[in-house]
Amino acid sequence: MFVTVSLLLVILCVQGGHGEGREEAQRPGHVSVVIVGATGDLAKKYLWKGFFQLYVNQVSRGNTFSFYGGGQSPADKATPLFFEILKAVSCPKDVSQERCALLKEQFLRLSQYRQLKTLEHYQDLAKRIEKHHQDEGMTEAGRLFYLSVPAFAYADIADKINNSCRPTGGAWLRVVLEKPFGHDFASAQVLASQLESSLREQEMYRIDHYLGKQVIAKILPFRIENKKFLDPIWNRHHIERVEIVLKETLDVKGRIPFYDQYGVIRDVIQNHLTEVMMLLTMRLPLNLSSSEEVARNKLRILSSVLPLVKTQAVIGQYRAYKSEVQQELNKTKGHISLTPTFAAVLAHIDEAQYEGVPVLFISGKMLDERVGYARILFRNDVFCLQSHDSVHCKPKQIVFHFGHGSLRYPAILVSKNLFKPVSTDGEWKEVTEHSDVNVLGLPVSDYYVQTPTEQREAYEELIPHIFAGHKNSFISTENLLASWALWTPLLNSLDSSFPLIYPGGADNGDLLDVRLTGKDISYSSEVVIISPDQMGGASANGFQVIQGKFRNAEMVSAWAEELLEQLAADVQEAAEAALRESGVFHLALSGGSTPLALFHRLALHHFSFPWRDTHVWMVDERCVPLTEPESNFNALHNHLLQHVRIPYFNIHPMPVQLNHRLCVEEDRGAQLYEKELGKLVNGSSFHFVLLGAGYDGHTASLFPGAEVGELGESLVALTESPAKPHQRMSLTFSAINRAHRVALLVMGKGKHELITQLSRVQDNQGKWPVTGVKPAPGRLVWYIDYDALLG
């Protein structure tokens with residue numbers, strides 16, 4: 001059974017006002033804080049430590065405390081684990097060992113475990129709190145519940161809190177919620193509606209721990225403190241671009257059941273990085289302590305982000321992710337997940353201040369380093385004719401460095417060719433002694449550097465805010481829904497997109513580099529990486545791609561993945577050559593299962609393929625509706641066309657269904673296709689034709705025993721197959737042999753016997769139709785994998 005433990009912390013509240021933004025005035029008395037899920041990873045790593053720090057900071061102010069742990073398990077089973085976690089907390093560095101020992105002893109003595117599973121358990125908890133107040137003669141200030149549990153439990157627990165644990169007598173209630181707050185706009189809306197039936201908006205604290213990171217919490221104060229320097233340059237005339245980046249070196253092992261449903265955009269970009277974007281670009285509040293004004297300004301800038309479409313994002317997936325999914329989700333070896341573990345998204349803001357300024361979000365797993373930062377890169381209008389190393393010609397930038405990376409500590413860095421920042425915050429200091437490291441293209445000595453005087457974890461920053469009732473660092477319902485409204489359409493458009501496969505770590509090289517073109521983003525590298533198990537081929541280091549002769553024609557042979565890589569590259573090379581010569585590329589593709597892996601490769605890896613200038617034709621088609629799974633065009637569409645940007649009028653399916661019937665001679669479908677071909681293709685000569693070869697030696701839909709000679713000079717014909725569906729439409733040898741280049745792709749051990757036979761027989765179109773492929777004066781190349789060639 002999964003055990004969750006709750007903590008009830010009763011704390012005397014601090015007195016005094018906190019600006020117009022406070023939701024509820026603090027008053028003396030007991031505050032009850034309930035952490036649901038206190039034995040989970042989050043609580044073990046951060047929450048208990050954060051609440052103990054709060055206890056340490058408040059106890060010297062004359063406050064009294066009571067702690068309760070609660071969970072689904074009975075007290076006799078959970079209590080030992082509960083206290084093991086409490087014993088692991090540590091004191092701040094400025095607390096002596098003797099005092100720390102005393103505080104920990106008190107902390108443990110004031111703690112108690114209670115089972116919290118049913119409504120009756122919550123009712124018992126409420127009675128215990130109220131009895132404690134009565135016995136000690138205490139005045140209640142409020143109750144704080146921290147829900148460190150899966151999001152599906154929020155609504156039920158909120159209902160129990162509302163029905164049994166809501167305080168009376170003017171005491172406040174605060175309920176803290178951890179992400180995820182939904183999976184998309186619709187689910188976030190449903191969750192918000194469920195919570196609103198139990199809790200008021202001012203009672204909900206949606207926590208994003210990124211807002212507790214010291215550098216991120218400093219963004220708005222930094223902008224205000226340096227307003228006189230930033231106001232003239234914080235606009236489209238001076239800002240070249242904004243980058244918000246979170247790079248991680250770890251994989252997602254152990255988190256697959258969650259991660260495979262969410263992916264990198266939902267996991268960190270829609271929330272953490274979007275929050276940073278708002279802090280960087282929102283209008284500065286007149287009163288920084290007003291949570292209403294801060295939330296209002298955030299919402300305004302978020303609503304100004306232009307809609308995100310598919311061309312504004314690229315996605316990737318580290319190579320080992322597929323096998324991790326298969327293992328943790330118990331999937332078959334053929335299962336492929338399209339969940340991205342890397343994404344780069346390009347956004348623009350529809351406000352005059354930022355018009356045309358690219359805002360780049362990037363995050364991913366299994367990258368080369370662990371680092372997070374936001375960079376504002378400014379235009380440099382100075383040209384150094386001689387002293388190229390002059391500080392004036394170096395990049396002008398402000399970097400909010402969240403931590404890790406080569407710098408290893410959180411900091412705000414301002415390049416010295418901009419201005420020297422000021423700080424009125426005694427909790428920050430200037431760094432004057434620098435190590436020999438570079439940060440985003442500049443040695444750290446070329447920056448003015450500010451860092452916190454004492455580094456603290458995000459939860460140590462946020463827990464006191466919850467205690468004091470400050471909502472600036474928490475997400476309102478309105479802003480949450482606005483964020484999902486921005487990201488959901490993009491997520492939907494990417495649902496069926498193939499992520500680029502990358503190896504992980506330093507081996508990524510420049511594979512994930514991106515290029516910004518107007519409002520679009522694309523991968524800039526021509527390097528292609530393919531996962532052997534994704535394409536189904538074996539791999540052997542001793543074999544490379546080899547070239548030779550087969551049936552007096554060129555042959556390329558390799559293991560499956562290398563063969564497909566070579567064929568895809570050859571198709572692209574042919575396309576580029578055709579464009580240089582005639583401005584258009586005509587590509588004819590055959591049906592069957594063999595080409596599907598090639599289609600995947602072209603969609604996954606060849607982002608620079610000139611699809612806009614490519615016309616795609618069918619080599620053959622089964623006489624079934626094009627929407628049927630048996631249709632060759634249906635397979636082509638599902639595995640390639642829907643994943644690339646090709647104009648719809650460049651796609652030419654065979655007209656097998658006319659007048660509500662299939663492949664009837666009188667409807668003249670073959671003649672119509674031939675006419676279209678003759679009209680659009682110069683000399684009816686395709687630039688590239690991809691064919692396969694069946695076990696019986698057929699190619700296209702030209703089968704053994706058919707009188708192919710009777711087709712004469714026709715380019716398209718109706719044919720008969722020995723297998724169902726029998727009726728087919730196919731290019732004839734007259735059309736195929738006019739092509740500039742023909743590729744015959746043969747793969748798999750099952751085709752070894754065919755290759756052996758073809759290596760021995762003479763040309764015989766009647767018995768071995770594939771032997772009739774002889775483009776003249778074009779070029780024929782056989783692509784045969786080692787399984788088919790060697791058996």
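**Entry 1: secondary structure and overall dimensions**

I counted the secondary structure elements of the protein and obtained 22 helices and 35 strands. I note that the model is a predicted one. I then took the extent of the C-alpha trace, which spans about 105 × 75 × 55 Å along its principal axes. The protein has 791 residues, and 56% of them count as buried. I looked up how contacts are distributed along the chain: among those between residues at least 6 apart in sequence, 76% join residues at least 24 apart.

**Entry 2: surface and charge**

I computed an accessible surface of about 34100 Å² for the protein, with 49% of it belonging to carbon and sulfur atoms. For the charged side chains I found 79 positive and 88 negative. The centres of these two sets lie 3 Å apart.

**Entry 3: helix H4**

I checked the length of helix H4, residues 119-136, against expectation. Its 18 residues should span 26 Å at 1.5 Å a residue, and the end C-alpha atoms are 26 Å apart, so the two figures agree. Which residues of H4 are buried? I listed His121, Tyr122, Leu125, Ala126, Ile129, His132 and His133. Viewed down the axis of H4, the buried residues fall within an arc of 145 degrees and therefore line one face of the helix. I recalled that an α-helix has 3.6 residues a turn, so residues three or four places apart point the same way. On the other side of H4, I found Lys127, Gln134 and Asp135 exposed. Gly137 follows H4, and I recorded its phi as positive, near 65 degrees.

**Entry 4: Trp768**

I located Trp768 in the loop between helix H21 (752-758) and strand E35 (779-785). Is Trp768 buried or exposed? I assigned Trp768 as buried, because its relative accessible area is 12% and the cut-off for buried is under 20%. Setting aside residues up to four places away in sequence, I found that Trp768 touches Asp696, Gly697, Leu754, Gln757, Leu758 and Val761. I also noted Phe703, which is 65 residues from Trp768 along the chain, with 8.1 Å between their C-alpha atoms.

**Entry 5: Leu329**

I located Leu329 in the loop between helix H12 (321-328) and strand E10 (342-347). Leu329 counts as partly exposed, at 27% relative accessibility. Apart from neighbours within four places in sequence, Leu329 is in contact with Ile256, Pro257 and Asp260. Of these I looked further at Ile256, which is 73 residues from Leu329 in sequence and 7.5 Å from it in space, C-alpha to C-alpha.

**Entry 6: cis peptide bonds**

I recorded a cis peptide bond from Lys179 to Pro180, with omega near 10 degrees. Pro180 is in the loop between strand E6 (172-178) and helix H6 (185-196). I recorded another cis peptide bond from Lys724 to Pro725, where omega is near -10 degrees. Pro725 is in the loop between strand E32 (716-720) and strand E33 (727-731).

**Entry 7: positive phi outside glycine**

I noted that Leu440, although not a glycine, has a positive phi of about 50 degrees. Leu440 lies in the loop between strand E16 (438-439) and strand E17 (442-443), and at 27% relative accessibility it counts as partly exposed. I noted a positive phi, near 50 degrees, for Ala700 as well, a residue other than glycine. Ala700 is placed in the loop between strand E31 (688-692) and E32. With a relative accessible area of 8%, Ala700 is buried.

Note on methods. Residues numbered from 1 in each chain as written. Predicted model: local features only at pLDDT ≥ 70, side-chain atom pairs only at ≥ 80, totals over all residues. Heavy atoms only, no water. Helix = DSSP H or I, 4+ residues; strand = E, 2+ residues; numbered from the N terminus. Buried < 20%, exposed > 50% of the residue type's maximum accessible area, 1.4 Å probe, protein only. Contact = heavy atoms within 4.5 Å. Areas by Shrake-Rupley, 256 points an atom, 1.4 Å probe, with all protein chains shown as cover. Lys, Arg positive; Asp, Glu negative; His and termini not counted. Charge placed at Lys NZ, Arg CZ, Asp CG, Glu CD. Expected span 1.5 Å × (residues − 1). Arc of directions from axis to C-beta.
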